[in-house]
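This report describes one strand with its pairing partners, and then turns to a pocket. The sequence and structure to be read alongside it follow here.

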Amino acid sequence: MMIVHTKRLILRPFKRSDAAELLDYLKDPVVHCFADEKISTLTQAQEKIQQKLSKPGHLAVALKESDTVIGDLFFDFEEPDTYSVGWNFNPKYAKQGYAFESAFALFTELFKKDARRIYAYVEEDNYSSQKLAERLGMRQEGLFLEFISFIKDDNGDPIYENTFEYALLKHEWNRK
């Protein structure tokens, strides 16, 4: 179980008591890739927490002073030495450096552990995540046209989104 402390944050497993805070940012996801995470009740938030606890690689991002959950990070190991990563934050806490601080701490832990390469998929219109990936030192490796669909149009047809892949190698990280 990974628990990481930064200057202002704690990266930790979710707790059942985090349900209201999770609901606060999943009731109306800001970006399309979290459309399938949308929930509308506290009960659904508790169920979502149980799902996150049942799979490794899901961390709540909580403010150190109050233990208030402001977002989450997720990562998935791919043999032999690669991790895919992602993040989702409550927009109420935007532009305060929390996403960078938490992702930087996660990257540090993954590279210390066994990562050679970390990558993230970011939709073409998700400018804040693109900026975060670049600030973390990730480089854009590719653009996948009409890569994935998270939402449908008024006729029920999928709307496919262009998606960037950002990546960072351990030796690049170590040069920072």
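In this predicted model, strand β8, which spans residues 158-169, is mostly covered, with 9 of its 12 residues buried. Strand β8 pairs with β6 (residues 117-123) in the antiparallel sense over 7 bridges, and β8 also pairs with β7 (residues 139-152), again in the antiparallel sense, over 9 bridges. The table sets out these two pairings, together with a pair of residues that stand opposite each other in each.

| Partner of β8 | Residues of the partner | Sense | Bridges | Opposite residues |
|---|---|---|---|---|
| β6 | 117-123 | antiparallel | 7 bridges | Ile118 and Leu168 |
| β7 | 139-152 | antiparallel | 9 bridges | Ser149 and Tyr160 |

Strands β7 and β8 form a hairpin with 5 residues between the strands, and in this hairpin Gly156 takes a positive phi near 85 degrees.

The second topic is a pocket. The second largest pocket holds about 270 Å³ of space, and its lining is made up of 15 residues, among which Lys55, Pro56, Gly57, His58 and Phe75 lie nearest the centre. Two or more lining residues are given by each of the elements α2 (42-54), β3 (58-63) and β4 (69-78), and the largest share of the lining, 3 residues, comes from β4. What is the chemical make-up of the residues in the lining of the second largest pocket, in terms of nonpolar, polar and charged? The lining of this pocket divides into 9 nonpolar, 2 polar and 4 charged residues.

Notes:
Residues numbered from 1 in each chain as written. Predicted model: local features only at pLDDT ≥ 70, side-chain atom pairs only at ≥ 80, totals over all residues. Heavy atoms only, no water. Buried < 20%, exposed > 50% of the residue type's maximum accessible area, 1.4 Å probe, protein only. Helix = DSSP H or I, 4+ residues; strand = E, 2+ residues; numbered from the N terminus. Pairing = 2+ DSSP bridges. 1 Å grid on protein atoms, 1.4 Å probe; cavity = no way out; pocket = protein on both sides within 12 Å on 5 of 7 lines; lining within 4 Å. Points joined across faces, edges and corners; volume = space filled by probe spheres on them. Nonpolar A, V, L, I, M, F, W, Y, C, P; charged D, E, K, R; others polar.
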